[in-house]
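Visitor: Please choose one part of this model and describe it closely, with its surroundings, for someone in the first year of study.

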Amino acid sequence: MPLDPVALLPLFVETPFQEGYVRSIIVVSLYVSCTAVALSTLFSIPVALVMGFTDFPGQQFVKSVINTGMGFPSVVVGLVVLFMVSNQGPLGAADLIFTKEAMIMSQFVLATPPITAISLAALKSVDENVRDAARVLGGTRLDVALVVIKEARYGIATAVLAGFGRAISEVGSVLIVGGNITSADGISQTRTLTTAIQLEARQGQYDTAMILGAVLVALVLTVNAIVVRLGDEGAMNR
Amino acid sequence: MPIQRRKFLAALGTGAVASVAGCSQITGGSGSGDQPDVAGQTLTLTTTTSTYDTGLLDAIHPQFEEMYGVTVDAVAQGTGAALETARNGDSDIVMVHARGLEDEFMRNGYGINRRDLMFNDFVIVGPESDPAGIEGMDSAAEAFATIAEEQAAFVSRGDNSGTHTKELNIWEEAGVEPGGDWYQEIGAGMGEALNNANQQGAYTLSDRGTFISQRSEIDLTILVQGPIEGGPELLENPYGIMAVNPAVHGNANYDLAMAYIGWITSPGAQDAIADYTMNGEQLFFPRALSEDPDFQQYVPEGWSSDSSSE
């Protein structure tokens, strides 16, 4: 997690909020979205590899499901996750309602389709000669896969960023399953930047909502810049 | 005052005994140190937007949290959603303001040990120009009927909240079925409703607390007062608190819920509610303490042992 920008961000804005409040919601936002996107990526890339380089019955159907998932409304995902983790639901015993874990679950569901679809496109666009060369040089299936992933890393980075953008900017599902909770001393438990903005808007405090909105945009920009920079450094070390 | 203190101690004692009894069955009574056995636990309170958005809960909760060494997770949802969450067993205690919905909740067996907590009132607000001419009317129903007659713009919460429920009651009282271009259900919280009404110069029904906390940012003004300022009784806004029935939802933190009810209906917390002000105005008026018995707070409205067939 890029910790330095987190520490610095609130310094740039004169906040009318309690000390530690903005910082804690940034930390919760990043924790939930980064965890969800990391899990999504671990899940998506193997799926994209299998989809891209093997043929199996029902492949077109799986593809349709992924493409549909890209446009899945976040409130619907929130409702489904709420049903799962509610006391009455199948995971009720785990007591996940109104926790960060439940929020991670719903963001995982939201971020996985775009990451899979864009990674798949990136993997497919890798020149076949690269694959053939790797195979000819005696690479195992794993070696070939790693070479292809390396070649497609820009596309995969774009996929991860798209998933991150979707996760950190959505408000519907985290509000439903997270409950937008802060402790009484103003430290966020399950309040993210988006739900905090929603709360300020509900109270008619549009100016403070704007400040939080600016923080959210700055945060997404920072994460994008960091990922692009890492990609460039990777290219130089090649 | 001595009587109140005795009640306070009794309530506190009940809560403490209940919590200790409940926990020692699980922990084998190991936690008999200075801290109560509920220490470290979390109480999930679902409540309405008005108690949360006015900042009341954040102001008074630290005392309770410190007293028991616990955390209160307050989830602000609107009365309908707050009760639904509790109905699903996802919260331990509810603090809401729609007696009809609370009664249904109790009748269905989900809520127990209801107490009257506090009250404020609703006010009918609108633009200063007052196009329908309702200013100073002493009947809320008459004011609503006039708004409907004049087809003046009216913003409705439309979210099954306590305020929305009250609004529908007033329309019913006025004998009007609201509808048409002038009546807009926005499906949003009180603050958004006030902003929306402000932007289009419309009327709306607001709880006094949210209106006071937002008044400096909007041009709306109170046209019909609630009972606190001598207005009609119909605009009263009573808040109640109930524990989730642990026999229905075994995972509900009943011990801590009862400790919370004991605390928030105690003289100390009731004073804290009375002392909470915004822009110099008191937002909530405590109601839990009374020397005279008030049995109706424990049961659905109109219930008596003679008519217990329900």
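Guide: Of the 310 residues of chain B, 50% count as buried; a residue is buried if 20 or more other C-beta atoms, placed from the backbone, lie within 10 Å of its own, exposed if 12 or fewer do, and partly exposed in between. The model is predicted: local features need pLDDT (the predictor's confidence in each residue, from 0 to 100) of at least 70, side-chain atom pairs count only at pLDDT 80 or more, and totals for chains, interfaces and linings use all residues. Residues are numbered from 1 along each chain as its sequence is written, while chains are lettered from A and ligands numbered from 1 in the order in which they are written.

Chain B contains 11 helices and 12 strands, which are DSSP runs numbered from the N terminus, a helix being H or I with at least four residues and a strand E with at least two. Two residues are in contact if their C-beta atoms, placed from the backbone, lie within 7 Å. Among the contacts in chain B with a separation of 6 or more, 75% join residues 24 or more positions apart.

The part chosen for a close look is helix α5 of chain B, which spans residues 99-107. Its buried residues are R99(B), L101(B), E102(B), F105(B) and M106(B). Viewed down the axis of α5(B), these buried residues fall within an arc of 160°, so they line one face of the helix; the arc is that of the directions from the helix axis to the C-beta atoms. In general, an α-helix has 3.6 residues a turn, so residues three or four places apart point the same way. The cover over the buried residues of α5(B) includes α4 (79-87), β3 (93-96), β4 (111-126), α7 (162-174) and β9 (236-244) of chain B. Just after the helix, G109(B) has a positive phi of about 90°.

One of the covering elements, β3(B), repays attention in turn. From this strand I93(B) and M95(B) point one way and V94(B) and V96(B) the other, and all are buried. In a regular strand, side chains alternate between the two faces of the sheet. Strands pair if DSSP finds at least two bridges between them. Strand β1 of chain B (residues 42-47) runs parallel to β3(B), joined by 3 bridges, with T46(B) opposite V94(B). With β9(B), the pairing of β3(B) is antiparallel over 4 bridges, and there I93(B) has A243(B) as its bridge partner.

I93(B) also belongs to a wider setting. The largest nonpolar core has 140 residues, and those with the most contacts inside it are I93(B), I124(B), A257(B) and Y260(B); such a core is a set of buried Ala, Val, Leu, Ile, Met, Phe, Trp, Tyr and Cys residues joined through C-beta atoms within 7 Å. Helix α5 of chain A (residues 100-124) gives the most to this core, with 14 residues. I124(B) touches I134(B), A140(B), A143(B), Y203(B), L205(B), L223(B) and V224(B), leaving aside residues up to four places away in sequence.

As for confidence in chain A, its mean pLDDT is 88, with 92% of the residues at 70 or above. Among the elements of that chain, α5(A) has the highest mean pLDDT (96) and helix α1 (residues 3-12) the lowest (49).
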